[in-house]
Amino acid sequence: MTVYLVGAGPGALDLLTVRALRLIERADVVVHDRLVGEDILALVPATAAVYDVGKVPGGPDNQDAINELLVRHGRTGRAVVRLKGGDPFVFGRGGEELAVLGAAGVACEVVPGITSAFAAPLAAGIPVTHRGAACGVVVVSARGCARDPELSRLVAAGLTLVILMGVARRAAIARELIEGGLDPSTPVAVVERASTPEQRVSRATIEELGALRVDSPAIIVIGEVAALDLAGGGLEP
Ligand SMILES: C[S@@+](CC[C@H](N)C(=O)[O-])C[C@H]1O[C@@H](n2cnc3c(N)ncnc32)[C@H](O)[C@@H]1O
């Protein structure tokens, strides 16, 4: 048997892939993250062992313990599903787990998921590469290179910036982008809990981002497209 590194999508049950659904329904062991919803976990067989290894933002890093758990169960020959929000390889540390399992000689398969980086903007009616408004998209983590002044230049040049894990640093992100030369009136959208019944969309300018009342998990979209709303119409063909 195998450890399956499976993406659970952005939240909504029906945004799970068919492959993920089939694996969850016949899992012996499920090891899941914080962002995997209750209705998806309800698909796990009652006989399966379930481990909630969700990391609290800013809390201790329990990645070594997760790796050890996956290797231990992977060696038993049972069907182990490692379930992660969105896509396991988009800021999901899927690569690290894959490497540890490989080094331990445990067979592993990956199942992509719909990442919140693209599902959340779309849930708010924002087409991240809308022709004429954006020539591309850059996805970053607020904990990584969001401080790079190069990002201001990229957004000014017409790329959409999508930031994950950015809620706590939103004021600093806005300040850094403006200091890097970004126009303070550049549109911004924050999409909280995308694709769930608690979804909320806030729109503002980069200058106003720091003052927005928003909570995690959320995606921050910066650039001309952030002012668009596909669902509400108003797009040029
Ligand atoms: C550790 S990252 C994991 C990302 C995940 N692997 C993915 O592909 O969506 C967690 C961050 O993803 C974003 N996120 C995940 N699910 C979300 C959702 N339903 N709505 C908005 N943002 C979400 C938030 O920025 C959150 O802080």
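Leu5 has Val110 as its bridge partner in strand 5. That pair belongs to a stretch where strand 1, residues 3-7, is joined to strand 5 by 4 bridges, with the two strands running parallel. Before I go on, please keep in mind that this is a predicted model.

Now the sheet around that pair. It is an open sheet of 5 strands, the order is 3-2-4-1-5, and the pairing is parallel. At its edges are strand 3, residues 49-52, and strand 5, residues 108-111; each has a single partner strand, so one side of each has no neighbour in the sheet. From one strand to the next, the twist averages 15 degrees. As a reminder, strands of a sheet pair through backbone hydrogen bonds, in either the parallel or the antiparallel sense.

There is a second sheet. This one is also open and has 5 strands, in the order 6-7-10-8-9, but here the pairing is mixed. Which strands stand at the edges? They are strand 6, at 136-141, and strand 9, at 200-205; each of these has a single partner strand, so one side of each is left without a neighbour. Ignoring direction, neighbouring strands in this sheet are turned by 20 degrees against each other on average.

Within the second sheet, take strand 8, residues 187-192, and strand 10, residues 218-222. They pair in the antiparallel sense over 5 bridges. Val191 is the residue opposite Ile219 of strand 10.

Two backbone details come next. The peptide bond from Ser216 to Pro217 is cis, and its omega is near 0 degrees. Pro217 sits in the loop between strand 9 and strand 10. The other detail is Phe91, which is not a glycine and yet has a positive phi of about 50 degrees. Phe91 is found in the loop between strand 4, residues 80-84, and helix 4, residues 94-103.

That leaves the ligand. Why does the ligand lie between domain 1 and domain 2? Because both domain 1, residues 3-111, and domain 2, residues 116-227, give residues to the shell around the ligand. There are 17 residues around the ligand, and those that come nearest are Pro10, Val90, Thr115, Ser116 and Ala218. By class, the shell has 11 nonpolar, 4 polar and 2 charged residues.

Three of the nearest residues can be described at the atom level. For Pro10, a backbone N or O atom is 2.8 Å from a nitrogen atom of the ligand. For Val90, a backbone N or O atom is 2.7 Å from a ligand nitrogen atom. Ser116 uses its side chain instead: an N or O atom there is 2.6 Å from an oxygen atom of the ligand. How much of the ligand's accessible area does the protein cover? On its own the ligand has 570 Å² of accessible area, and the protein covers 90% of that.

Definitions and conventions:
Residues are numbered from 1 along each chain as its sequence is written. This is a predicted model: local features need pLDDT of at least 70, side-chain atom pairs count only at pLDDT 80 or more; totals for chains, interfaces and linings use all residues. Side-chain values use heavy atoms; hydrogens and water are left out. A residue is near a molecule or strand if one of its heavy atoms lies within 4 Å of it. A polar contact is a pair of N or O atoms within 3.5 Å; within protein, one must be able to donate a hydrogen and the other to accept it, and residues adjacent in sequence count only if both atoms are side-chain atoms. Accessible areas come from the Shrake-Rupley method with a 1.4 Å probe; for residues, only the protein chains shown count as cover. Ala, Val, Leu, Ile, Met, Phe, Trp, Tyr, Cys and Pro count as nonpolar, Asp, Glu, Lys and Arg as charged, and the others, Gly among them, as polar. Domain bounds come from an automatic or database domain assignment. Two strands pair if DSSP finds at least two bridges between them. Axes are lines fitted to C-alpha atoms, for helices over the stretch in contact, and angles run from 0 to 180 degrees between N-to-C directions.
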